[in-house]
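Student: Please take a close look at one part of this model, the place where the two chains meet. I would like one connected account of the symmetry there and of what the contact surface consists of.

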There are 2 protein chains.
Amino acid sequence: MSCPHTRQKILDCAEKLFARHGFHGTSLRRITADAGVNLAAVHYHFGSKDGLVEEVFKRRMGPLNEERMSRLEALRSGPGFDAEQVLRSFVEPTLRFAEQGEGNRDFLALIGRALIEPDEQIRRMFFDLVAPLFHLLLDLVCEALPHLSRDLLFWRLHFALGAMGRYLFLAGQRSSMNEAMGTVIPDLPAGDCLIGFIVRGLEGP
Amino acid sequence: MSCPHTRQKILDCAEKLFARHGFHGTSLRRITADAGVNLAAVHYHFGSKDGLVEEVFKRRMGPLNEERMSRLEALRSGPGFDAEQVLRSFVEPTLRFAEQGEGNRDFLALIGRALIEPDEQIRRMFFDLVAPLFHLLLDLVCEALPHLSRDLLFWRLHFALGAMGRYLFLAGQRSSMNEAMGTVIPDLPAGDCLIGFIVRGLEGP
DNA sequence: CTGTAATTCAAACGTTTGTTTAAATCCGAT
DNA sequence: ATCGGATTTAAACAAACGTTTGAATTACAG
């Protein structure tokens, strides 16, 4: 552990390539070549490709989830809250995270990917990582909108996740997409645009 | 072309497996084994794996897009319309499509996948297939909500796509997910729930 | 029945994949 | 300086992949 240089370079390159080309679409040889390290270094430091994937997730998901969790907990301990405050506590740290560096942005595009990951093991690992957060989120939304059933809010919350996932994905792919496709993705809207969309959808009869 | 039996069985199995495990995650050997046909039949009938993917899409996307298109065109030719009518013309055929058989449901989960497909060739092929529809959709939404800028509506429309994609994906994976994960996905909400979410989000200041 | 094209089949092709091995190298403590 | 654990390296591994081949089989028109 004296020289974290190799470890970190592998994680950085893997994160970027996973975000751009998916997990199955990225080979260890490509990762280690980009990182300028030996192929076997992956297995030495992470045990396997799945271990690398897991570490890529945990590295940034840890701090991000902690912040979202603490904001949600603070809300619950507070005097009262509405649905918008709940959603802001979840979405805002995510979007602010995206603005703090290219690495983070790649990582968020990665989350958008993980939401519908085909590989069962990877999806399971991701779900275990976010399940507590999602349950807390659903609980608070139910508390903020007590006149709506939990099943209904379950679905609306997933619609919200889908909308945010689309935002994260397009934001991550924007530069590479604009030059490849004819379609031009306009500038990113402020986070308020996304939050407004979600809140309006979540409330309502 | 006298015996479409093989062709169709390959398409059916490929559709189901692509929906469940993604494109890279599904091998031709698995497809042909499930279909009970020879491995080489894929290349005989479709030329390549990419050719098969393309045909799986076109088979159902053709009729579905035609219906959505004609409903949108009819709306444009009519006396007047609001945003909800525009979105209904797009979403309703999609959801009704999902209720007409397991094959269709698999296909819709597949669309949810294609929206963030890593492979550039496949994503390009899919985008070319839906680009005209998306542009028409955006035009009509702009016309229905003239007080909102096109860029803003571009993003809100993508949020809507993300929400619908999440619905399609979860609907397709529901049975296999409930038994695998601890999380239980409740019964599907009526399409009105999704449409309501989207419309509320799309309108607004 | 015969001959021709369409279709299926088993087998192998060359690549690429994740993974493993064992030797070589580096680095800090004695 | 030297030892020992940590790290890196080149090379090879078996397995799986998409693809190709050429012969075998089927289906159908003359």
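Tutor:

**The interface of chain B and chain A**

Chain B superposes on chain A through a rotation of 180° with 0.0 Å of shift along its axis, at an RMSD of 0.1 Å. That is the relation of a two-fold axis. The C-alpha of chain B nearest the axis belongs to Gly162(B), at 2.2 Å from it. Both copies use the same surface, since 100% of the contact residues of chain B recur in chain A. The model is a predicted one, and the values here are computed from it.

Next comes the extent of the contact. On the side of chain B, 49 residues are in contact with 49 residues of chain A. The area buried between the two chains is about 4400 Å², and carbon and sulfur atoms give 71% of that area. Three aromatic side chains can be named here: Trp155(B), Phe159(B) and Phe197(B) supply 19% of what chain B buries against chain A, more than any other three residues.

The polar side of the account is as follows. Between chain B and chain A there are 11 residue pairs in polar contact, counting pairs with both residues at pLDDT 80 or more. For salt bridges, the rule finds 0 across this interface, with a cut-off of 4 Å between a side-chain nitrogen of Lys or Arg and a carboxyl oxygen of Asp or Glu.

As for the elements involved, those of chain B that give two or more residues to the side touching chain A are helix H1 (4-21), helix H6 (102-114), helix H7 (120-144), helix H8 (150-180) and helix H9 (191-202). Of these, H8(B) gives the most, with 18 residues. By residue class, the side of chain B that touches chain A divides into 28 nonpolar, 9 polar and 12 charged residues. Charged residues are thus present on this side, while the count of salt bridges across the interface is 0.

The partner chain completes the picture. Chain A has 9 helices and 0 strands, and its elements run α-α-α-α-α-α-α-α-α from the N terminus on. Its radius of gyration is 18 Å, close to the 17 Å that the globule rule gives for 205 residues, so chain A is as compact as a globular protein of that length. Along the principal axes, the C-alpha atoms of chain A fill a box of roughly 60 × 45 × 30 Å.

How values were computed. Residues numbered from 1 in each chain as written. Chains lettered and ligands numbered in written order. Predicted model: local features only at pLDDT ≥ 70, side-chain atom pairs only at ≥ 80, totals over all residues. Heavy atoms only, no water. Contact = heavy atoms within 4.5 Å. Buried area = accessible area lost by both parts, 1.4 Å probe. Polar contact = N/O pair within 3.5 Å; in protein donor to acceptor, adjacent residues only side chain to side chain. Helix = DSSP H or I, 4+ residues; strand = E, 2+ residues; numbered from the N terminus. Nonpolar A, V, L, I, M, F, W, Y, C, P; charged D, E, K, R; others polar. Least-squares fit on C-alpha atoms with pLDDT ≥ 70 in both. Rg over C-alpha atoms; globule rule 2.2 N^0.38 Å.
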